[in-house]
Every structure is written in C-alpha cells, then in structure tokens.
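The exercises below are meant to be worked through with the sequence and the coordinates open side by side. Each one sets a task and then gives a solution in steps.

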Amino acid sequence: MCGIAGLIHRGKSSNVGEELQSMLQALKHRGPDSTGYALYANNDGQNFILRFKVGENVGEGSTSVNEDESVYNERKKIVDKKLSELGAPIVKEEKLTPYSYRYEIKYDKDLMEFSKAVESIENVEILSIGKSLELIKDLGDANVVSERYGLNKVQGTHGIGHARMATESGVDIKSAHPFWGYPFADVSVVHNGQLTNYWNNRRVLENKGMRFMSECDSELIAVFLAEKMRNGATLEEGMRESLTGLDGVFTYFVATKDSLGMAKDTMAAKPLVLYESDDLVAMGSEEIAIRSILPQEIDTYDPFDGEVKVWQT
Amino acid sequence: MANLKTTDKKTKAQSMGMHTETLTGKTQQKFFNPDEAENFFYWGTYDVDFNKRTELDVKDLDCKQANKKIDELMSEGYGTIVIKNPQGKHSLGVGILNKLNLIFEGSLGYFGVGSIDGPMVRVNGRVGWSCAENMMAGKVVIEKNAGSCFGAAIRGGDLICKGSVGARTGIDQKGGTIIVGGDAGAFTGFMMQRGRIVILGDVGINLGDSMYDGTIYVGGKIGSFGSDAVESPMTKNDIDWLNRKLKVGEIGDNFDVSKMTKVVAGKKLWNYDALEPTEKKGAI
C-alpha cells in the first residue's frame with residue numbers, strides 16, 4: 001500500500017510545495033518509509049535543473065550502503081568534470097544533503113547521451129532533468145522531506161507526490177518515487193500498486209536502450225511511457241497503451257512541464273479520489289488528501305476502471 | 001445452548017464427512033435458547049429517542065474519538081445525531097447496533113458506517129471505499145458519489161447511493177438491497193450470494209462475475225457479463241418490487257423499471273441449490 005497525490009492549477013500558480021506536502025502528510029499512514037515530490041516550479045526556463053545523488057540514504061532492506069561524506073565529495077568532483085567534458089557549464093549549484101545536489105546547467109544536446117555519461121559514474125543517479133521539474137525524494141514522511149529540502153515555499157503550477165510503503169524493494173532513495181521519465185525533460189511518474197510483468201517488460205525495454213536505475217516495479221511505468229513517447233506517441237496515447245501493456249494493479253500519475261495525467265487499471269483495484277474544477281484538479285489515494293487543502297464541502301468521485309485523463313495547466 | 005465441544009451427536013456436516021474435528025473456541029456456533037435469555041447481553045445498544053437531537057462537530061476528533069462520542073450520545077438517549085465536518089475521515093459511524101437517525105453533514109472516507117445493525121443514516125456528501133461493509137439492517141442514503149466496494153458483504157438493509165459508485169459494488173453481498181442512481185464500475189455484484197443490486201445507470205465490465213445467487217437489475221448499458229452471470233426475463237413481481245423499492249429509496253422518480261435488464265447466476269459455476277437447505281445456509 002502506498003499513497004499518491006497530485007494537483008494542477010489551471011491558468012495560475014500557487015504554493016504547490018506546501019499544498020503537496022499537506023496532501024502527502026495526510027497519506028502518511030499509507031506509506032511511512034519514504035516520500036517523494038515532483039514539483040513543477042516557476043523557474044525562468046533558461047537553464048536545465050539537474051537533480052542528482054552521489055550516494056544513498058539507506059533504510060531497511062536496501063541493497064545499498066551508506067558511505068563516508070568524503071566519498072560523496074569525490075564523486076561530485078567527477079560529476080563536475082564530466083559535465084565540463086559534455087559541454088554543460090554549471091550556472092548554479094546547491095548541496096542539499098551530503099549525498100544530493102541541485103545544479104542549474106546549460107545544455108542543448110541529446111539528454112539520453114548526457115544521462116548515460118553522467119550515470120556512468122559509479123553510484124551516481126540523475127533524479128531529474130527539466131526546465132521546471134524539481135524532483136526530490138528521500139526517507140521520511142512528507143514533513144520531514146519537505147523540511148530537509150525546503151519545499152514548502154516552492155511556487156508552481158502542478159506537482160505529484162508519493163508516500164511509499166516499501167514492498168517490492170528496499171527502503172532507499174533509488175527505489176522511492178517519483179521516477180523521472182528518462183530521457184525526457186520534465187517527465188515524472190508516481191504509482192500505487194504492483195506490476196506483475198515487470199521483468200518481461202524490463203528486458204524488452206533495456207534491449208531498446210532504455211535504462212532502469214532500481215528494481216522497483218513502479219519505475220517500469222516511467223520507462224514504458226518514455227519509450228512510447230520516444231517513438232512519437234503523445235503522453236495520453238502512451239498512457240492508454242499502458243492499460244494493456246502493463247499487467248497488474250495500478251493507479252499512476254504522470255506529469256510533464258504543462259500537464260498532469262492519471263491512469264487506472266482495468267480491474268480498478270487501486271483507489272483514487274478526484275476533485276475537478278475550472279481552475280484546480282486535485283487527486284489522491286484517499287479523500288483526506290484532498291481535504292487537507294480543500295476543507296470545504298466539495299464534489300469528488302472515483303474514476304472508473306481503465307480510465308485515463310490528462311489535464312493542461 | 002448447544003455446546004458442540006461436549007455433544008456426542010454429530011453435526012450434519014460431520015456426518016456428511018465434510019469435517020471430523022470437534023469445533024471449539026471462537027469458531028464454535030452457539031444457538032439462542034429462550035430459557036437462558038437473561039444471560040444474553042446485546043453489547044453496545046441503547047434505547048434512544050428520535051426527538052432528542054444533538055450536533056457533534058468532529059473536525060478536531062480522530063475517528064476513534066468521534067465514534068466514542070457518538071456512543072456516549074446514544075447512551076444519553078439522543079436518537080438524532082448530526083455530525084458536522086466529517087471531512088473525509090475514515091471509519092466514522094461504524095458498529096452502531098440500535099435505532100438511530102445519524103446524519104453526516106459532509107463526506108466520509110473509507111469504511112464509513114460499517115457493521116451497522118439498525119440505524120437510519122444519511123450522508124450529505126460522498127463516501128469512500130467500503131461504505132456500509134457488513135451492514136446487517138437499517139437504511140443508508142448517500143447523496144453524492146461512493147467509492148469502490150460499496151456495500152461489500154452486506155447482509156441486510158437498504159443501501160442507497162444517489163450518485164455513481166466505483167468498482168466491485170456489492171462484492172460478496174449476502175442479503176439486503178443496494179440501489180445506485182448513477183453508474184457503477186467493473187465487477188459489480190462480484191461473488192454476490194444473495195440480495196439485490198439495482199443500478200439505474202450504466203455498469204462496467206464483468207457484471208455479476210462468479211455470482212452464486214441474488215439478482216442484479218441494470219437500467220443502462222452493461223460493459224460485459226462476468227463468468228456465469230446470465231440475463232433473465234423481467235417479471236411482474238420484479239417490476240412491482242423495483243417500483244416499491246425505488247420509492248423507499250427516494251430515488252429514480254418516474255424511472256421506467258420495466259426496461260431494466262435483470263441478471264442472475266447461471267449456477268454452472270456455483271450451485272448451492274443442489275445442497276440441502278441447512279447446508280446451503282451454512283455454506284452461504
């Protein structure tokens with residue numbers, strides 16, 4: 001059981017960091033192990049935001065290990081060198097934790113080649129690349145992660161988030177959601193459920209050049225959609241194909257720089273409550289997530305089995 | 001009171017060879033004996049007065065505190081309780097075992113008014129998953145939409161949703177009536193065993209999948225029939241019953257029930273009619 005939440009403001013910006021924090025904290029009982037945010041912030045759009053980690057925050061069942069901060073610092077230097085070789089000058093850098101960074105970089109070439117080069121460095125993982133996407137995930141509940149990364153002041157149009165109860169893989173950052181839709185800028189995915197054809201799909205997608213960073217079944221959704229989009233499908237087309245291409249039970253959200261979508265499996269086995277108005281769409285695994293930002297009486301509903309919806313900012 | 005642990009007489013199930021062990025502990029079935037009536041105490045029931053009305057704001061209470069407060073109010077004789085600001089909290093109004101007018105001014109989360117036996121409940125909002133699960137008797141009216149597993153395993157009473165409901169409505173239903181004014185999702189009536197489900201709108205795929213018994217009426221389109229669910233002709237009795245029940249349910253004014261589709265179990269998958277009544281009752 002995990003909790004997912006998402007919201008999109010249409011035609012305006014808001015404090016999406018604080019709003020998503022409230023929604024995810026309300027779902028803490030569904031997943032206390034780790035929390036992740038994919039916030040679409042009001043950045044200037046000039047540079048790419050590169051969020052990456054050079055080490056792990058290790059919890060129960062993780063196959064990773066905690067390392068000394070000096071090891072992280074050395075890896076960071078290698079990343080800097082690699083960015084220089086790739087012709088990606090660093091405009092601004094922030095050290096967020098001993099193991100994670102946020103860079104603003106200039107880059108105008110192929111993101112897949114860029115990602116492969118950066119992630120060829122041992123234990124380095126790109127969490128996200130985008131002009132507006134700020135993807136943050138770490139161990140702890142929504143309040144803990146928000147406070148650690150200063151998220152409650154992030155202004156933006158939309159966001160998705162995840163409160164994880166680790167079932168398919170260990171408690172660590174690499175298995176936490178959201179997953180970046182590698183190699184597409186500004187694409188992120190969160191998922192509640194279990195996918196049963198993970199390994200079959202993974203083998204097929206890896207043969208097509210796609211990359212997996214974890215052994216978490218949910219990562220498959222991001223990679224599945226990214227591969228469809230890489231071959232020319234729209235986001236919504238990819239999502240509709242996922243209803244038959246992915247086996248198991250799922251409700252997932254996917255976000256791009258200007259849209260937010262949801263898909264529910266054909267068994268409708270995983271919960272989702274949806275509120276939709278002219279200027280705001282808010283959804284979550286349980287109604288209390290929506291009530292945390294909209295305490296007044298509102299009309300909500302459960303989308304039906306096999307339903308796919310996409311909203312624009 | 002029969003004590004299966006000490007009785008020498010074999011039960012019918014034992015004599016049929018269905019099991020040989022002696023039943024003990026919590027699985028032991030006890031039968032009511034009027035001679036020992038004074039020894040029975042129906043826990044958690046109160047005599048209440050419908051005209052004694054109060055309001056309870058649960059905004060700052062968790063579900064356990066709110067339910068305890070409702071219990072206290074019933075013990076003080078309040079027969080009409082209005083709950084303010086439920087705000088989607090889970091498990092509100094569960095386990096009420098006596099007559100009561102319970103009105104929620106807002107929406108409930110999961111497992112709202114589960115395991116009730118007798119109260120009249122109105123929710124002026126929406127309900128989440130598994131509303132009224134295991135309901136035994138009473139009437140529950142939801143003014144807006146409901147989530148999945150609406151009326152899971154209910155055994156009696158009337159459960160009405162004026163909006164649309166999610167998937168698996170009436171899953172494992174063992175009696176009573178579920179009425180939905182709008183549409184219903186996939187697997188409506190999944191493994192239902194008795195009772196009736198009435199959907200005035202459309203239903204999703206796998207309607208009545210693996211149903212043992214019971215009846216489903218659908219007013220709109222059917223996504224697909226589930227395993228062993230078959231259409232059956234509407235009779236005058238069906239029409240009369242539907243007209244009466246919709247009136248009781250305060251729903252579907254002037255709805256032409258004669259055009260509804262009636263769905264029953266084909267009984268090729270499960271057929272408890274072949275069992276003797278006692279065993280059928282035990283099995284269900």
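**Exercise 1. Decide whether D110(A) is buried or exposed, and place this residue in its chain.**

Solution. The model is a predicted one, and the count for D110(A) gives 10 other C-beta atoms within 10 Å. A residue is called exposed if that count is 12 or fewer, so D110(A) is exposed, with its 10 neighbours of this kind. The next step is to find the element, and here D110(A) falls in the loop between β5 and α3 of chain A. As a check on distance, the C-alpha atom of D110(A) is separated by 38 Å from that of S277(A), which is 167 residues away along the chain.

**Exercise 2. Describe how β4(A) and β5(A) are joined, and where they sit in their sheet.**

Solution. Begin with the pair itself: strand β4 (residues 90-97) of chain A and strand β5 (residues 100-105) of chain A are antiparallel and share six bridges. Two residues lie between these strands, and together they make a hairpin. Individual partners can then be read off, since E94(A) is bridged to R102(A) in β5(A), while K95(A) has Y101(A) as its bridge partner.

Widening the view, the open sheet that holds this hairpin has four strands in the order β4-β5-β3-β6 (chain A), with antiparallel pairing. Its edges are β4 and β6 (125-130) of chain A, each of which pairs on one side only. Between neighbouring strands of this sheet the average turn is 15 degrees, direction ignored. Helix α3 (residues 111-119) of chain A lies across β3 (48-53) and β6 of chain A, at about 155 degrees to β6(A). Finally, consider cover: none of the eight residues of β4(A) is buried.

**Exercise 3. Determine how many residues of helix α1 of chain A are buried, and what covers them.**

Solution. Helix α1 (residues 16-26) of chain A has eleven residues, of which nine are buried, so that the helix is mostly covered. The buried set includes V16(A), L20(A), M23(A) and L24(A), and also E19(A), Q21(A) and Q25(A). Among the elements that cover these buried residues are β1 (3-9), β2 (34-41), α4 (142-149) and β8 (156-164) of chain A, as well as β14 (280-284) and α8 (287-291) of chain A.

**Exercise 4. Identify which residues touch the most other members of the largest nonpolar core.**

Solution. The largest nonpolar core holds 85 residues, and L39(A) and F253(A) are the ones that touch the most other members. Helix α6 (residues 219-230) of chain A supplies the largest share of this core, with seven residues. For F253(A), once neighbours within four places in sequence are set aside, the contacts are I4(A), G6(A), I160(A), V190(A), L260(A), G261(A) and M262(A). A second, separate core numbers 72 residues, including W129(B), L159(B), I171(B) and M211(B).

**Exercise 5. Trace the eleven-stranded sheet of chain B and the helix that packs on it.**

Solution. The strand order of this open sheet is β1-β2-β3-β4-β5-β6-β7-β8-β9-β11-β10 (chain B), and the pairing is mixed. Strands β1 (49-57) and β10 (229-232) of chain B form the edges, each pairing on one side only. From one strand to the next the twist averages 15 degrees. One parallel pair is that of strand β8 (residues 194-199) of chain B with β9(B), joined by four bridges, where I197(B) stands opposite I216(B). Helix α3 (residues 236-248) of chain B packs on the sheet and touches β6 (158-161), β7 (174-180), β8, β9 and β11 (261-265) of chain B, its direction making about 70 degrees with that of β7(B).

**Exercise 6. Establish how many residues make up the contact between the chains, and where confidence in chain B is low.**

Solution. The contact brings 22 residues of chain B against 16 residues of chain A. On the chain B side these divide into five nonpolar, 14 polar and three charged residues. The scores for the model are ipTM 0.82 and pTM 0.86.

Chain B has an average pLDDT of 88, and 82% of the residues score at least 70. Among its elements, strand β9 (residues 215-218) of chain B has the highest mean, 98, and helix α4 (residues 277-283) of chain B the lowest, 62. Over residues 1-7 of chain B pLDDT stays under 50, although the model has 14 contacts for them beyond four places in sequence. Where pLDDT is low, predicted coordinates should not be read in detail.

Definitions and conventions: Residues are numbered from 1 along each chain as its sequence is written. Chains are lettered from A and ligands numbered from 1 in the order in which they are written. This is a predicted model: local features need pLDDT of at least 70, side-chain atom pairs count only at pLDDT 80 or more; totals for chains, interfaces and linings use all residues. A residue is buried if 20 or more other C-beta atoms lie within 10 Å of its own, exposed if 12 or fewer, and partly exposed in between; C-beta atoms are placed from the backbone. Two strands pair if DSSP finds at least two bridges between them. Two residues are in contact if their C-beta atoms, placed from the backbone, lie within 7 Å. Ala, Val, Leu, Ile, Met, Phe, Trp, Tyr, Cys and Pro count as nonpolar, Asp, Glu, Lys and Arg as charged, and the others, Gly among them, as polar. A nonpolar core is a set of buried Ala, Val, Leu, Ile, Met, Phe, Trp, Tyr and Cys residues joined through C-beta atoms within 7 Å. Axes are lines fitted to C-alpha atoms, for helices over the stretch in contact, and angles run from 0 to 180 degrees between N-to-C directions. pLDDT is the predictor's confidence in each residue, from 0 to 100.
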